[in-house]
Amino acid sequence: MPRTVAKCRCGAVLPADDLPPADPAAGGSSILAYLLILAVLGAAGYWALMREPAAPPQLDSGAAALLPKPQTGEAAPRQRELSLEQRAWDAAARMREAKAPATATTPEPTPLAEPGNTPALEDMVDSAMPSIVLVETTGGRGSAFYVQRDTLITNVHVVQQDSYVTLRRMDGSTVTARVHTRAPAFDIAVLKVAQASPSQAFLAMGSASQLKPGQEVIVIGSALGTLQNSVSRGIVSGLRNSGGVTLVQSDAAANPGNSGGPMLDRSGRVVGILTAGYRGQEGLNFAVAIDHARDILDGRQTNLGSGQTGLTNIEPIGGQGAESDRRQQQGQQEFLRRVESAEQAAPQLDSAWQRFRSVCYKSPIRGSFDREWFAVFTPGALPADAAAGCSDYYQAMQNEANKFRDYLRTAVQEARRANVLPGTIRDTLRAKRLNHDW
């Protein structure tokens with residue numbers, strides 16, 4: 001192509017070309033050719049760019065491990081077609097799944113009567129209620145409970161000489177049961193229902209042999225023959241023997257009509273059949289050990305006795321029971337001594353409280369107490385500004401009251417450890433005007 005310039009960009013003068021000057025029309029054709037070459041090169045670069053996508057940004061090692069691995073064979077082309085945005089979305093989703101905590105599985109429910117399982121008291125009672133019924137006989141009323149869908153346990157003195165009795169459930173419905181077995185020696189009667197409901201709830205039988213003084217028990221029955229499925233709670237006072245029959249002594253409140261009802265441990269298993277109490281003696285009730293009923297049902301007990309039932313010659317079982325009785329008696333005497341000491345100290349605080357009430361605070365006290373100054377132990381009984389103007393005096397009096405409370409609280413706790421009956425503790429404190437939630 002002929003040269004069209006006479007001077008180089010570096011400043012050097014070029015020699016003149018012998019060829020004729022360029023035609024303007026030919027210069028236009030050269031420009032078009034140059035543009036065409038640029039277009040072809042641009043198209044080739046775009047095609048190469050589309051065939052080889054840019055490498056994705058580097059992720060940390062944890063995220064990189066979550067990206068899909070390159071595939072080989074027939075699946076490779078499809079893997080290359082995934083856009084960068086799709087790969088990043090998949091990686092983020094996998095990272096969220098990896099960081100999400102595993103879903104906790106809900107354990108299967110365990111029956112309340114399973115050994116070692118201690119449900120909430122209200123749950124245990126609610127589960128036991130459908131198994132307990134009111135027994136109506138020609139001579140009166142009592143209680144009974146299902147141990148199988150067609151079998152119930154009650155007392156002989158509840159059914160008396162009746163061959164058939166009426167069972168009244170919690171919902172008011174009734175069913176007739178036949179007196180299948182009488183065991184006067186144990187005051188146990190076995191009832192059978194002809195057409196048992198497949199959905200009838202029943203109680204599991206435990207054993208009284210492992211009971212210990214102080215262990216919590218629950219009694220459910222038809223108190224007074226009218227208050228169906230009344231619940232009371234107490235502790236085991238001891239195991240006794242009456243003519244070869246094992247009895248569980250308890251301070252759980254029981255009344256006529258409770259007879260034949262179950263005594264339950266905290267897992268909901270029957271440990272005794274409430275049978276008797278002493279009139280006029282609060283917190284003194286007995287239940288026949290459920291072990292005797294189990295032996296009768298299984299056919300291991302054939303001598304069922306005859307004649308009248310009753311408690312005779314009740315004695316502690318073994319040396320352990322006798323030792324428990326001695327410890328209980330000593331604990332009761334020690335508790336009485338401490339309460340009498342507290343009664344002698346109380347008048348000093350009575351006087352201090354009267355001075356405080358006459359000078360510093362004359363408004364009413366919220367609540368009722370054996371001694372009015374017990375209000376300092378009860379949140380909300382006194383307003384926050386009760387000690388206004390007498391703060392030092394009130395603080396000193398409150399310190400002495402707290403010492404008095406700690407003394408009685410220790411006395412009550414040690415009495416309970418010695419198996420002193422709760423009724424005895426309560427009655428002793430009431431007699432001395434010292435009853436409070438110590």
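Tutor: Contact, or touching, means heavy atoms within 4.5 Å. This is a predicted model, where local features need pLDDT (the predictor's confidence in each residue, from 0 to 100) of at least 70 and side-chain atom pairs count only at 80 or more, while totals for chains, interfaces and linings use all residues. Residues are numbered from 1 along each chain as its sequence is written, and side-chain values use heavy atoms, with hydrogens and water left out.

Student: What does phenylalanine 186 touch, leaving out residues up to four places away in sequence?

Tutor: Val245, Val288, His292, Ile296, Gln301 and Asn303. Phenylalanine 186 lies in the loop between strand S5 (174–183) and strand S6 (188–193). Helices (H or I, at least four residues) and strands (E, at least two) are DSSP runs, numbered from the N terminus. Its C-alpha atom is 7.8 Å from that of glycine 305, though the two sit 119 residues apart along the chain.

Student: What makes phenylalanine 186 count as buried or exposed?

Tutor: Its relative accessibility is 9%. Buried means under 20% relative accessible area, exposed over 50% and partly exposed in between, using a 1.4 Å probe and protein chains only. So 9% puts phenylalanine 186 in the buried class. Chain-wide, 36% of the 438 residues count as buried.

Student: Two of those contacts, His292 and Ile296, turn up in helix H7 (residues 290–298) too. Why do we say the buried residues of H7 line one face?

Tutor: The buried residues there are Ile290, His292, Ala293 and Ile296. Looking down the axis of H7, they fall within an arc of 150°, so they line one face of the helix. That arc is taken from the directions from the helix axis to the C-beta atoms. Just after H7, glycine 299 takes a positive phi of about 80°.

Student: And what makes helix H5 (residues 121–128) one-sided?

Tutor: Met124, Val125 and Ala128 are its buried residues. They sit within an arc of 95° seen down the axis of H5, so they line one face. On the other side, Glu122 and Asp126 are exposed. Cover for the buried residues includes strands S1 (132–136), S7 (216–223), S8 (227–242) and S10 (262–264). An α-helix has 3.6 residues a turn, so residues three or four places apart point the same way.

Student: How do you know that cysteine 360 and cysteine 390 form a disulfide?

Tutor: A disulfide is a pair of cysteine sulfur atoms within 2.5 Å. Here the S to S distance is 1.8 Å, so the pair qualifies. The torsion about the S-S bond is about -90°, so the disulfide is left-handed. Cysteine 360 and cysteine 390 are 30 residues apart, each in the loop between helix H8 (318–359) and helix H9 (391–417). Both cysteines are buried, and a search of the whole structure finds one disulfide.

Student: Why is the pairing of phenylalanine 356 with tyrosine 394 called what it is?

Tutor: Rings of Phe, Tyr and Trp (its six-membered ring) pair if their centres lie within 6.5 Å; planes under 30 degrees apart count as stacked, over 60 as edge-to-face and the rest as tilted. The whole structure holds six such pairs. Phenylalanine 356 and tyrosine 394 have centres 5.2 Å apart and planes at 40°, so they pair, and the pair is tilted. This links helix H8 to helix H9, 38 residues apart.

Student: What about tryptophan 373 and phenylalanine 377?

Tutor: Their centres are 6.3 Å apart and the planes make 70°, so that pair is edge-to-face. Ring pairs join Trp373, Phe374, Phe377 and Phe404 into a cluster.

Student: What makes something a nonpolar core?

Tutor: A set of buried Ala, Val, Leu, Ile, Met, Phe, Trp, Tyr and Cys residues joined through side-chain atoms within 4.5 Å. The largest has 35 residues, of which Trp373, Leu382, Phe404, Leu429 and Leu434 touch the most other members. H8, H9 and helix H10 (422–431) each supply at least two of its residues. A second, separate core of 28 residues includes Val125, Ile153, Ile188 and Ile220.

Student: How confident is the predictor, element by element?

Tutor: Strand S3 (residues 151–154) has the highest mean pLDDT, 96, and helix H2 (residues 61–66) the lowest, 40. Over residues 52–83 the pLDDT is below 50, and beyond near neighbours in sequence this stretch has 19 contacts in the model. The chain averages 76, with 66% of residues scoring at least 70.
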